[in-house]
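Me: Please take a close look at one part of this structure. Pick a spot where two elements meet, then work outward.

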Amino acid sequence: MISEKNISYISLISLLLIAIFAEYFNEPYLITLLSRIIIFSIAAIGLNLVLGFGNLISFGHAAFFGLGGYISGILAIHAFNSELLISWPFLFSGSNNSLIIWLFTILFCSLLALLLGALCLRTSGVYFIMITLAFAQMLYYFAISWPSYGGEDGFSIYVRSTLFGINTMQGLNFFLICFFWLLIILFTINKVVKSPFGLALRATRFNLTRVKSVGINPFKIQLIAFVLSGAITGIAGSLYVDLNRFVSPSLLSWQMSGEFIVFILIGGLGRIYGPLIGAAFFVTFEQFFGSYTEHWQIFLGIIIISTVLFAKGGIIGFILEYRKNE
Amino acid sequence: MTAELLIEQLLNGLQFGFMLFLMSAGLTLIFGVMGLINLAHGSFYMIGAFSAAATFAFFNSFWLSLFASFSSAAVVGVIVEKTIIRKLYNRDHLDQVLVTFALILFFSELIRWIFGAFPLYLDVPKILNGSIEIFDGIYYSKYRLFIIFVGLIIATFLFFLIGKTNLGIQIRAGQYDREMISALGVNISKLYTLLFGIGAALAGLAGALIGTIQSVEVGMGEPILILAFVIIVIGGIGSIKGALIASLLVGLVDTLGRFLIPWVLQTITNPSDAMSIGSAIGSMLIYILMAIILILRPTGLYGKILS
């Protein structure tokens, strides 16, 4: 019997097994791909918290992904060049320690999410979509026109950040760090969604008046979810920059936000493991079709359109449905 | 800074504003009447620009290429509406976002396939080449004046269409109660197709007009689409009047901000810093404007109160 739980266990274990096999057969590129799948799915898991469970369609989550990326890149490049980042109220010249980088990422992405959430959650529906998109674009244009950190070209960091003396430049080690993050985040999301807070969040998508009438402030619930969501997507951005050792404004682009939504849709909306399946499908699809034609996005477009119009439950929904009919 | 420069920038802002209006008018009507959020509106802008460039390359006529721009965008718009968009009217916003996002991927890649990745160029016709003296000693580009003129004509036409014609009454009624007007015998699906076609045609025309000043390339539609969203949020969804006022506001604030802020900063800091900080702030200005308006009026300047 294939249940949603089993699909998720199978996918996690197979990710791990493929990575170990890739290491054994010396295929570093495959490990990089797997790390990318994990990082993208973390980003989309963050978005899924507000989109899938709270029905808040944020089209601006690239803002958090990009901010996380830029923070990590800026801390790392200053540490690498031993340049001062701030000189007041204390001297600080960046850091190469993953723990410190993640701490800053979580802090700043939460702050940004708090600010944007407080503004955007004043609206709802289609206004919310357009406003989240517009604020993410604001950061994008800011990154392009701000010359200190590479402007349009972005900048490279030369080594990955270090964690407890592990050699992160070794592909499998870095993959395992990402994998560990994925497990922590999946565990957290699982707990959050099933908690009273998660129930309240899921209730906000159906009927705001009823939520209010039982004494819950929906704005507060949505804002907390938005902050948590932003922090998670920010972590993904930080890991992504570490993976590629490159920071560029494209992290903030609206295509990025759109792709996060696509991961969620392909995997199955409002399912905890949906983004993982979706990201895995997307990256595999890109690799497979990309090797045949550079115009693979035409086919991607067609697949997305047919998924939305004809197969609403995404891949997980499709498998569960298929099993039920058998 | 001279007065001539300021007037020139003012007119540039006005010209930009009218082009933004061509984009946002279609978008706001499509949302207001059909309840559809259409990310692919920028693709019609791009399709218009590319058909203009292709027509220009064949026939070397600017006027013919203008005609090609809006008619091709309208045809593509109608086909897309009849095959795909139609299925989305009763779906939620997420589905609409996804499908129209996928349409962008599709059209961008298709255009890149047909025309290649290099930008194309359109030439200004001889009659609109050069500049003209508008005040004593103040010269301004004829072509940009022509764009302002076209924008004015289309704005007038749209206000007449919405306010005075039978079709306009149906459109306005459609914003309030879809079922009621179809019960009164209006062929609603025809109305939707027509409206979507008009919106696409306006976007295509804007693409060709702007493509002549800038270059015609894949991905040109999205920056302007996002500005159109900002405009709709500021002006209020579904309101043509709001779209016009917000378009001019955004056009002026964006153009003047990029120009004035570095100039103001020069008085405090050195020129190169002023340039870089100023352009960074200038690029954020309209979003800050949007945030302020949202805090004051969450449904935009002329928006209906959300239920």
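Reply: A helix pair in chain A

On the α4(A) side, the residues that meet α9(A) are Ile101(A), Trp102(A), Thr105(A), Ile106(A), Cys109(A), Ser110(A), Leu112(A), Ala113(A), Leu114(A), Gly117(A) and Ala118(A). Their partners in α9(A) are Leu223(A), Phe226(A), Val227(A), Ser229(A), Gly230(A), Ala231(A), Gly234(A), Ile235(A) and Ser238(A). Contact means C-beta atoms, placed from the backbone, within 7 Å. The model is predicted: local features need pLDDT of at least 70, side-chain atom pairs 80 or more, while totals for chains, interfaces and linings use all residues. Residues count from 1 along each chain as written, and chains are lettered from A and ligands numbered from 1 in written order.

By class, this contact has 13 nonpolar, seven polar and no charged residues. (Asp, Glu, Lys and Arg are charged; Ala, Val, Leu, Ile, Met, Phe, Trp, Tyr, Cys and Pro nonpolar; the others, with Gly, polar.)

Now the geometry. Helix α4(A) covers residues 98-120, and helix α9(A) covers 218-244. Their axes, lines fitted to C-alpha atoms over the stretch in contact, come within 8 Å. They cross at roughly 140 degrees, on a scale of 0 to 180 between N-to-C directions. The two helices are therefore oblique to each other (not under 35, over 145 or 65 to 115 degrees).

Chain A also meets chain B. Here 37 residues of chain A are in contact with 36 residues of chain B. On the chain A side, α5 (125-145), α10 (254-267) and α12 (296-310) each supply at least two residues. The largest share, 14 residues, comes from α5(A). That side of chain A divides into 27 nonpolar, nine polar and one charged.

Two loop residues deserve a look. Asn55(A) sits in the loop between α2 (28-51) and α3 (62-81) of chain A. Its phi is near 55 degrees, a positive value in a residue other than glycine. Asn55(A) counts as buried, with 21 C-beta neighbours inside 10 Å. In chain B, Asn60(B) lies in the loop between α2 (41-59) and α3 (62-83). Phi of Asn60(B) is also positive, near 55 degrees. Asn60(B) counts as exposed, with 10 C-beta neighbours inside 10 Å. (Buried takes 20 or more, exposed 12 or fewer, partly exposed in between.)

Last, chain B as a whole. Chain B has 11 helices and two strands (DSSP runs: H or I, at least four residues; E, at least two). Buried residues make up 51% of its 307 residues. Its C-alpha atoms fill a box of roughly 65 × 50 × 35 Å along the principal axes.

Definitions and conventions:
Two residues are in contact if their C-beta atoms, placed from the backbone, lie within 7 Å.
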